[in-house]
Amino acid sequence: MARITAGIGTSHVPAIGAAIDLGRTQDPDWKPIFDGYEWVKDWIKDNTPDVIILCYNDHASAMMLDIVPTFALGFAEEFEPADEGWGKRQVPTVYNHIELAGHIAEQLVIDEFDLTIMNDIDVDHGCTVPLSLVFGQPEEWPCKVIPLIVNVTQFPTPSANRCWQLGEAIRDAVRSFPQDLDVQIWGTGGMSHQLQGPRAGLINPEFDNAFLDRLGNEPDDLRTITRLEFLRESGSEGIELIMWLIMRAAMGYNVEELYRFYRVPASNTAVGHIVYKTPE
Ligand code: DHB
Ligand code: FE
């Protein structure tokens, strides 16, 4: 049987990818941020899963605004880094676990989630920056990755509770897959940030830290946060945090928090990072 063994939440700031790719991680501005990921880089060496289900959002880099799926599952054999306007990141191709992806797609549709299936998509910083933060700069990513893409960029975005329900359905789908697989689920994006309009630059550490505090043991409180509250409290891009709720729900009710990191700012964003393990 496949099992979800761990969950990771992390911001996915594009400038972090550029800092890694340009060898700037030890620059004074960047070092404290990368230091916050040393723990996970060490931990993952002994905890590399077979597959990661990686929840992220495309930022109109691979999926233009003509079609906006609410939830989309990557079903191609492989995914190239997207060209986000300054050339593709020189990071490895992402390889899918096509059997598990197919099983999840089928089970989610049976579970009445009307998923979009993406048979051809490039993955942007939402996917590749978390991989770089956790795995560094390997020749190949050390495991398979199933991209799960969530619309957080165009109104109407899915509710926090719908993301929670999706996470629960993903958990059931993984646990009904007969092959023995160690699966991790990652939720990316956030934390509070606003890239546009008069409030550009907004960051709300109080909101972010309360979110991190509740995510472990009081996650039900987070399921009722409305789009408007996310917008007001965490800025227009803080809504990316709903993808952390997919991760959290997929882990089941009890989790053990292994590690947490929070820092302001990185680029225009509050950077948050958390690692959970499923109790044995
Ligand atoms: C920034 C952060 C993001 O999460 C993102 O997707 C794009 C830009 C930023 O801080 O600039
Ligand atoms: Fe983003």
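**Figure 1. Counting disulfides in this predicted model****.** Let's start with the cysteines: the count comes to 0 disulfides. A disulfide is a covalent bond between the sulfur atoms of two cysteines, and here a pair counts when its sulfur atoms lie within 2.5 Å. The next two views show cysteines that do not pair up under this rule.

**Figure 2. A close-up of Cys55, with Cys163 holding the closest cysteine sulfur****.** How far is the sulfur of Cys55 from the closest cysteine sulfur? The distance is 8.6 Å, which is too far for a bond because the cut-off is 2.5 Å. As for its surroundings, Cys55 counts as buried because its relative accessibility is 0%.

**Figure 3. A close-up of Cys127, which is in no disulfide****.** Here the nearest cysteine sulfur belongs to Cys143, and it is 10 Å away. Is Cys127 buried or exposed? With 0% relative accessibility, Cys127 counts as buried.

**Figure 4. Helix α4 packing with helix α6****.** Now for the helices: α4 spans residues 98–110 and α6 spans residues 160–175. Their axes are 9 Å apart and make an angle of about 125°, so α4 and α6 are oblique to each other. The crossing of α4 past α6 is right-handed.

**Figure 5. The residues where α4 meets α6****.** Zooming in on the contact, α4 contributes His103, Ile104, Gln107 and Leu108. From α6 come Leu166, Ala169, Ile170, Ala173 and Val174. Sorted by class, this contact has 7 nonpolar and 2 polar residues, with no charged ones.

Technical notes. Residues numbered from 1 in each chain as written. Chains lettered and ligands numbered in written order. Predicted model: local features only at pLDDT ≥ 70, side-chain atom pairs only at ≥ 80, totals over all residues. Heavy atoms only, no water. Axes fitted to C-alpha atoms, helices over the stretch in contact; angles between N-to-C directions. Helix = DSSP H or I, 4+ residues; strand = E, 2+ residues; numbered from the N terminus. Parallel < 35°, antiparallel > 145°, perpendicular 65-115°, else oblique. Left-handed = near helix turned anticlockwise from the far one by under 90°. Contact = heavy atoms within 4.5 Å. Nonpolar A, V, L, I, M, F, W, Y, C, P; charged D, E, K, R; others polar. Buried < 20%, exposed > 50% of the residue type's maximum accessible area, 1.4 Å probe, protein only.
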